[in-house]
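User: I should like to go through the structural labels attached to this model and examine the grounds for each. Please set out the reasoning step by step.

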Amino acid sequence: MTHDQKTPRDHGGGLDAAITRFGGARADWLDLSTGINPVPYPLPVLPADAWTALPDQAAQQRLRDAAKKHWHVPAGAQVLAAPGASALIAQLPRLAMPGRVHVPHPTYNEHAAAFLAQGWQLADSTAGADAQVIVHPNNPTGQWHDPDCLTAPLAIIDESFADVAPDRSLVAQAARPGRVVLKSFGKFWGLAGLRLGFAIARPETIEQLAEWLGPWPVSGPALAIGTAALDDSGWASGTRARLNADAAYLDTLMLRAGARLHGGTSLFRLYEVPDAALWQAHLGHHHVWSRIFPWSGTFIRLGLPCPDRWAQLEHALGTLLGGAMPQASVTQRP
């Protein structure tokens with residue numbers, strides 16, 4: 001597929017528009033249009049000064065130390081915390097003079113938009129490119145990449161969804177000149193509203209990004225919650241097992257309804273169907289919101305429901321078959 005610079009920068013979410021179109025109250029809706037963990041990290045009790053005081057250096061350092069340990073950041077690389085990965089994506093094209101950047105399509109569209117906004121041109125391949133972006137694993141296809149594909153002087157490795165399989169991370173690349181690894185906190189830990197993301201790169205790159213972000217880029221509550229979550233390896237391990245089981249169960253339901261699995265991760269699944277818009281509308285009538293794409297008429301992406309909301313999805317998919325889908329209780333999931 002070729003990348004069309006005029007393609008809308010569509011995203012998941014947009015539940016208000018779905019409600020306007022299909023009706024119902026927000027509480028009625030099952031929003032599967034994003035790849036956010038539906039069982040978020042349990043919030044710890046926060047000290048009062050997390051809300052009332054400017055974030056101090058010690059709290060910021062504790063978060064950086066927790067991030068280094070959790071992601072096995074290599075020697076020679078440092079960590080910068082930011083108010084969401086999107087804030088970093090907007091700044092990354094400034095790390096080099098505008099030239100040609102390769103952003104494979106389809107992928108998360110904010111990367112190409114950020115480079116275009118800074119005067120870069122999109123390249124059809126990495127041959128001769130001054131910069132490149134890989135989303136690892138890719139959103140929405142779930143494709144993982146080999147480090148040998150990183151050939152441009154500036155290479156951005158977006159690992160927003162990589163925490164589902166940490167053994168496949170390319171974080172070791174962060175110690176090399178011109179390499180930046182991005183991490184998103186909102187996806188795997190399910191706290192997208194906290195707005196917390198990370199850049200991992202060589203010290204000179206981190207210093208430049210920190211200067212652009214300015215002082216106190218991360219709130220006191222985000223520092224405390226992020227530190228607690230990154231230190232909780234037991235929660236992360238249990239969450240990966242649950243996500244894998246739930247993703248397999250979602251595949252069972254979708255394939256039974258007539259979809260074909262095309263890719264994804266354990267946080268979201270990409271399916272091929274005869275008519276994606278028709279499937280989205282059908283699910284929407286049952287107050288289940290999904291994600292379709294302006295560049296494809298056949299791909300539909302679904303995230304995972306909360307553990308107590310599977311029945312709503314089962315019913316919606318069952319009506320695609322002209323009758324009730326055979327009931328499978330939550331306890332029957334693998």
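User: What makes strand E5 (residues 131-135) largely enclosed by the rest of the structure?

Analyst: The model is a predicted one. A residue counts as buried under 20% relative accessible area. Five of the five residues of E5 meet that criterion, so the strand is largely enclosed by the rest of the structure.

User: Which residues of E5 point one way, and which the other way?

Analyst: Ala-131, Val-133 and Val-135 point one way from the strand, while Gln-132 and Ile-134 point the other way. Residues on both sides are buried.

User: How do you know that E5 pairs with strand E3 (residues 100-102)?

Analyst: Two strands pair if there are at least two bridges between them. E3 and E5 are linked over two bridges, in the parallel sense, so the criterion is met. Within E5, Ala-131 is the bridge partner of Val-101.

User: How many bridges join E5 to E6?

Analyst: Five bridges connect these strands, which run parallel. Val-133 is placed opposite Ile-156 of E6. Strand E6 (residues 154-158) is in turn joined by four bridges to strand E7 (residues 179-184), again with the two running parallel. There, Asp-158 stands opposite Leu-182 of E7.

User: Why are strand E2 (78-82) and strand E4 (121-122) said to stand at the edges?

Analyst: The open sheet has seven strands in the order E2-E8-E7-E6-E5-E3-E4, and its pairing is mixed. E2 and E4 each have a single partner strand, so one side of each is left without a neighbour in the sheet.

User: Which strands does helix H6 (residues 203-213) lie across?

Analyst: H6 lies across E2, E7 and strand E8 (197-201), and runs at about 20° to E2.

User: Why are helix H8 (residues 233-256) and helix H10 (residues 310-318) called roughly parallel?

Analyst: Their axes come within 10 Å and cross at roughly 20°. Angles under 35 degrees count as roughly parallel. The two helices are therefore roughly parallel to each other. Their crossing is right-handed.

User: Which residues make the contact between H8 and H10?

Analyst: H8 contributes Asp-246, Tyr-249, Leu-250, Leu-253 and Met-254, and H10 contributes Trp-310, Leu-313, Glu-314 and Leu-317. By class, this contact comprises seven nonpolar, no polar and two charged residues. Tyr and Trp are counted as nonpolar in that classification, whereas Asp and Glu are counted as charged.

Terms used: Residues are numbered from 1 along each chain as its sequence is written. This is a predicted model: local features need pLDDT of at least 70, side-chain atom pairs count only at pLDDT 80 or more; totals for chains, interfaces and linings use all residues. Side-chain values use heavy atoms; hydrogens and water are left out. Axes are lines fitted to C-alpha atoms, for helices over the stretch in contact, and angles run from 0 to 180 degrees between N-to-C directions. Angles under 35 degrees count as roughly parallel, over 145 as roughly antiparallel, 65 to 115 as roughly perpendicular and the rest as oblique. A crossing is left-handed if the near helix is turned anticlockwise from the far one by less than a right angle, and right-handed if clockwise. Contact means heavy atoms within 4.5 Å. Buried means under 20% relative accessible area, exposed over 50%, partly exposed in between (1.4 Å probe, protein chains only).
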